[in-house]
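Please find below a short note on the salt bridges of the model under review. The points are numbered for ease of reply.

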Amino acid sequence: MPQLPQIQSVKAPDRAVVDATKPRRFKYFNLPFLIVLALLVSYGLVIVYTAVYNDADYSFSRQLACVAIGAVVMIVIGRFDYRNLSDFTTVLLVVSVALILSPHIPGLGTDAGMGAQSWIKVGIQVQPGEFAKITVILLAASVVSRYGGRLDDVREYLKALGIMLVPFLCIMTQPDLGTGLVYLFITAVALVVGGARPKFLLITLVAGIAAIAAVFAIDQVLYDATGEYKLLKQYQRNRLLVFLEHDSVNLSDEGWNLKQAQVAIGSGGLFGKGLFNATQATLGFLPEAPTDFIFCVLAEQLGFFGVMALLALYAALVLICFRIAGASSDLFGTIIVMCTVGMWLFQILENIGMTLGLMPITGIPLPFVSYGSTGMVMNFMLLGLIGSVWAHNGR
């Protein structure tokens, strides 16, 4: 493990500075933050209920229980001082790798019918890669914040980038490209907020695009030689093909999913068909409606204005988080909040974009709306970290 520079930029501020601040009415959580969160989660629960109420494969009571558990966990984490985690870079890296690789343990991992070895069975099915998003954010914040907002040395930049790319390389062994893209976006946000030179970022972007092109080229050569794709799964190639040529692909598999998603969204019109009237989902035309394509259920039932209400709640949450990040007394807290917000924005854009044919189809969920216990609890844990940054900053 390369030795990171020990810059005292992430330590707690002087207690006199903290004590001199004006006392807050709500010490541990920002009140507008809680109001917007309650509205967003409630809105999501309503949509999920309409999507699963007549489907034996899903349990709304389980989703409700996960929200309750998540709320408790959020409060507990919000009272914990996040700054105590700033020096545990190696531990965070080890935990991230252990979580991501745990589905490869014989007898423990399962693909859950999703095409990737991403889940484990511990009484219930859990997706460790989702919880690893938390440790990846903390790892990125811990690594980058040590440079004090000036990551302008190429060797240190490559060192930091190499450490933060380890979780992505691990997740690709499943392979789970959707979650891997989330890890990459978290890394990019950390580098930008942490003061990496624009030249370094541009070179990294170009190198990344070249690497993707090389993967496809090499995979095609392997296919021509062996008759089988080795680097990318067939379903991953199909999803990319649908994205690039969705007007010409046949209506099967991923092509079918996209067409039915677009039909559901378009049929909602301005005001929608009303709750419990999402015919594309209830009649079985729309696959994975409560999870990957929950946005289509919302759009079909509540129409354009229902979609705008959801986007307004997301915008309010993001703006409040920006204020919390700006009020943070240290770079470590700022990067935690900004990486979390960046992750949510990426997932929102990807989930909604894929239903419109603007982004490749992936299994990335819609934050606080998609059905799923692991993702819901994970998001509440991140909310707790944001609450901790709000409670313990020195301004």
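1. Asp152 has a relative accessibility of 33% and is therefore classed as partly exposed, since that class lies between the buried limit of under 20% and the exposed limit of over 50%. The model is a predicted one, and the accessibility of Asp152 should be read as a value computed from that model.

2. The partner of Asp152 in a salt bridge is Arg150, with 2.9 Å between the closest N and O atoms. Arg150 has a relative accessible area of 60% and so counts as exposed.

3. A second salt bridge joins the side chains of Asp87 and Arg146, at 3.6 Å from N to O. This pair connects distant parts of the chain, its members being 59 residues apart. Asp87 belongs to the loop between helix H3 (60–79) and helix H4 (89–101), while Arg146 belongs to the loop between helix H5 (128–145) and helix H6 (154–171).

4. How accessible are the two members of this loop-to-loop pair, Asp87 and Arg146? Asp87 is partly exposed because its relative accessibility is 39%, whereas Arg146 is buried because its value is 4%.

5. Asp81 and Arg83 also form a salt bridge, in which the closest N and O atoms lie 2.9 Å apart. Here both residues, Arg83 and Asp81, are buried.

6. The structure contains seven salt bridges; among them are Asp152 with Arg150, Asp87 with Arg146, and Arg83 with Asp81.

Methods
Residues numbered from 1 in each chain as written. Predicted model: local features only at pLDDT ≥ 70, side-chain atom pairs only at ≥ 80, totals over all residues. Heavy atoms only, no water. Salt bridge = Lys/Arg side-chain N within 4 Å of Asp/Glu carboxyl O. Buried < 20%, exposed > 50% of the residue type's maximum accessible area, 1.4 Å probe, protein only. Helix = DSSP H or I, 4+ residues; strand = E, 2+ residues; numbered from the N terminus.
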